[in-house]
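Colleague: I want to learn how to read enclosed and open spaces in a protein model. Please take me through an example.

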Amino acid sequence: LDQDDSGMLTKSELLEGFERNPQFREMMSLMDFTLEDVDAVFGSLDKDGSGDVNYDEFVQELYKMKSNQSQRLLVFIKVYLSEIKDLMTNMVQMEFDQIH
């Protein structure tokens, strides 16, 4: 998965792993993760917004999410709420800019 051998994974590397790596796709499927989950999983792990996550941390966090379904649900809710908040903030800012 780590195409540039940096020890870090980007979202595009994960997406490509789903598309081109049957072993990775099968492992993720066994853990009940789908391609559609990549955004939420990656968003929850990329806390600093750098665009990449440590490979070892990725594996550990996936295991935690799989072993604790309520943790997984909370992670997804947190990511989706954060996305909604960002969208609302942008919309309010655009409205404000139009008024002034």
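Colleague: Which residues line the largest cavity?

Modeller: A cavity is a set of points, on a 1 Å grid over the protein atoms alone, where a 1.4 Å probe fits but cannot get out; lining residues have an atom within 4 Å of a point. Here the lining of the largest cavity is L14, F18, F24, M28, F33, T34, D37, V38, V41 and F58. Two or more of these residues come from each of α1 (11-20), α2 and α3 (38-45). Helices are DSSP runs (H or I, at least four residues), numbered from the N terminus.

Colleague: Can I trust the atoms? And how are residues counted?

Modeller: This is a predicted model: local features need pLDDT of at least 70, side-chain atom pairs count only at pLDDT 80 or more, and totals for chains, interfaces and linings use all residues. Residues are numbered from 1 along each chain as its sequence is written, and side-chain values use heavy atoms, with hydrogens and water left out.

Colleague: How much space lies in the largest cavity?

Modeller: A volume is the space filled by probe spheres set on the points, which are joined across faces, edges and corners. The largest cavity holds about 40 Å³. The structure has 1 cavity of 30 Å³ or more.

Colleague: What lines the second largest pocket?

Modeller: A pocket is an open set with protein on both sides within 12 Å along at least five of seven lines. The lining includes L1, M27, Y55 and L62. α4 gives the most, with 5 residues. The pocket's volume is about 160 Å³.
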